[in-house]
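Hi everyone, thanks for making time for this. I'd like to walk you through one model, going from single residues to the overall layout, and I'll put it up on the screen now.

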Amino acid sequence: MAVLGRTVTRLEDSPPREVALHNADGEPIKGVSVSLRLLPRALSEQLIRPAMRKARGKDVEATEEAISQWMREMTAKALVDTTGFEWGFDDDGAVKAYEGLLPGLRVGDVVSLDGKWSEGLKAKFFADHPAVVALLVDAYKRLAQIGAEERREEDEGKGGTSPAGSPSA
């Protein structure tokens with residue numbers, strides 16, 4: 001039977017799942033993955049409610065900021081850890097901004113953030129790097145759609161080709 005979707009009711013019970021991180025073109029970034037948990041529906045609704053309220057208004061800037069805030073919060077709650085995620089800190093300003101979160105940081109350092117994702121680091125890093133948040137939101141969407149992908153592969157297998165796309169015997 002195909003898994004059509006996944007549901008969790010408590011964040012603590014949501015098992016982390018490894019998802020490849022893809023670049024803006026949709027291509028997997030070699031050697032980089034994220035471990036994400038699905039958020040319970042109640043938590044998802046709680047996080048998006050302020051953005052939805054702002055979207056009803058006419059202030060486009062306020063709406064955009066509310067949506068950005070929602071994306072950062074949702075990603076911070078879902079992210080458990082990363083594998084192969086390195087980041088460079090190239091100037092004094094970057095070092096000063098992150099030295100409290102990454103002790104020993106020096107100008108020019110390239111640091112693995114794997115295993116270092118504290119709530120404080122997530123909040124600061126996601127606020128400073130919206131493009132990374134967008135990549136993580138994409139990974140979360142792919143995780144949430146896993147049931148639909150499994151079903152499509154199963155349907156393709158019934159239609160005369162295997163899930164890999166080669167003719168079935």
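Let's start at Ser 35, which, beyond its neighbours within four places in sequence, is in contact with Pro 16, Arg 17, Glu 18, Ala 78, Leu 79, Val 80 and Asp 81. Please keep in mind throughout that this is a predicted model. Ser 35 belongs to strand β2, which covers residues 28–36. Is Ser 35 buried or exposed? Its relative accessible area is 12%, so Ser 35 is buried.

Now zoom out for a moment. The protein has six helices and five strands. Reading from the N terminus, the order of the elements is β-β-α-α-β-β-α-β-α-α-α. Of its 169 residues, 29% count as buried. And if you take the contacts with a separation of 6 or more, 60% of them are between residues 24 or more positions apart.

Next stop, His 22. You'll find this residue in strand β1, residues 17–22. His 22 has a relative accessibility of 15%, so it counts as buried. What does its side chain reach? One partner is the backbone oxygen of Gly 26, at 3.2 Å. Another is the side chain of Arg 142, joined to that of His 22 by a polar contact of 3.5 Å. Setting aside neighbours within four places in sequence, the contacts of His 22 are Glu 27, Pro 28, Ile 29, Leu 135, Asp 138 and Arg 142.

Some of those partners bring us to helix α5, which spans residues 130–144. Pro 130 is in this helix, and with 56% relative accessibility Pro 130 counts as exposed. If you'd like a pair to look up on the screen, try Pro 130 and Arg 72: these two are 58 residues apart along the chain, and their C-alpha atoms are separated by 8.1 Å.

On to the helix I'd like you to look at with me, α1, residues 41–56. Does the end-to-end distance agree or disagree with what we'd expect at 1.5 Å a residue? The 16 residues should span 22 Å, and the end C-alpha atoms are 22 Å apart, so the two agree. There is also a kink of about 40° in α1, at Ile 48, shortly before the proline Pro 50.

Which residues of α1 are buried? They are Leu 43, Leu 47 and Ala 51. Here's a reminder that helps with that pattern: an α-helix has 3.6 residues a turn, so residues three or four places apart point the same way. In this model, the buried residues of α1 pack against α2, residues 60–78.

Let's cross over to that partner helix and pick out Thr 63, which has its place in α2. At 14% relative accessibility, Thr 63 counts as buried, being under the 20% cut-off. The C-alpha atoms of Thr 63 and Ala 51 are separated by 6.5 Å, with the two residues twelve apart along the chain. Leaving out neighbours within four places in sequence, Thr 63 is in contact with Lys 54 and Ala 55.

I've saved the aromatics for last. How many aromatic pairs are there? The count comes to nine. Take Phe 85 and Trp 117: their ring centres are 5.5 Å apart and their planes are at 80°, so this pair is edge-to-face. Phe 85 sits in the loop between β3 (79–83) and β4 (86–89), and Trp 117 in the loop between β5 (109–112) and α4 (119–128), so the pair ties together parts that are 32 residues apart in sequence. Both partners are buried: Phe 85 has a relative accessible area of 6%, and Trp 117 has a relative accessibility of 8%.

A second pair is Phe 89 with Tyr 98, where the ring centres are 5.3 Å apart and the planes are at 55°, so this one is tilted. Phe 89 and Tyr 98 are buried too. Tyr 98 has another visitor as well: the charged end of Lys 124 sits over its ring, 5.5 Å from the centre.

Putting the rings together, Phe 85, Trp 87, Phe 89, Tyr 98, Trp 117, Phe 125 and Phe 126 are linked by ring pairs into a cluster. That's my tour, and I'm happy to go back to any of these spots with you.

Terms used
Residues numbered from 1 in each chain as written. Predicted model: local features only at pLDDT ≥ 70, side-chain atom pairs only at ≥ 80, totals over all residues. Heavy atoms only, no water. Helix = DSSP H or I, 4+ residues; strand = E, 2+ residues; numbered from the N terminus. Buried < 20%, exposed > 50% of the residue type's maximum accessible area, 1.4 Å probe, protein only. Polar contact = N/O pair within 3.5 Å; in protein donor to acceptor, adjacent residues only side chain to side chain. Contact = heavy atoms within 4.5 Å. Phe/Tyr/Trp six-rings, centres within 6.5 Å; stacked < 30°, edge-to-face > 60°. Lys NZ or Arg CZ within 6 Å of the ring centre and 35° of its normal. Expected span 1.5 Å × (residues − 1). Bend = angle between axes of the 7 residues up to and from the residue.
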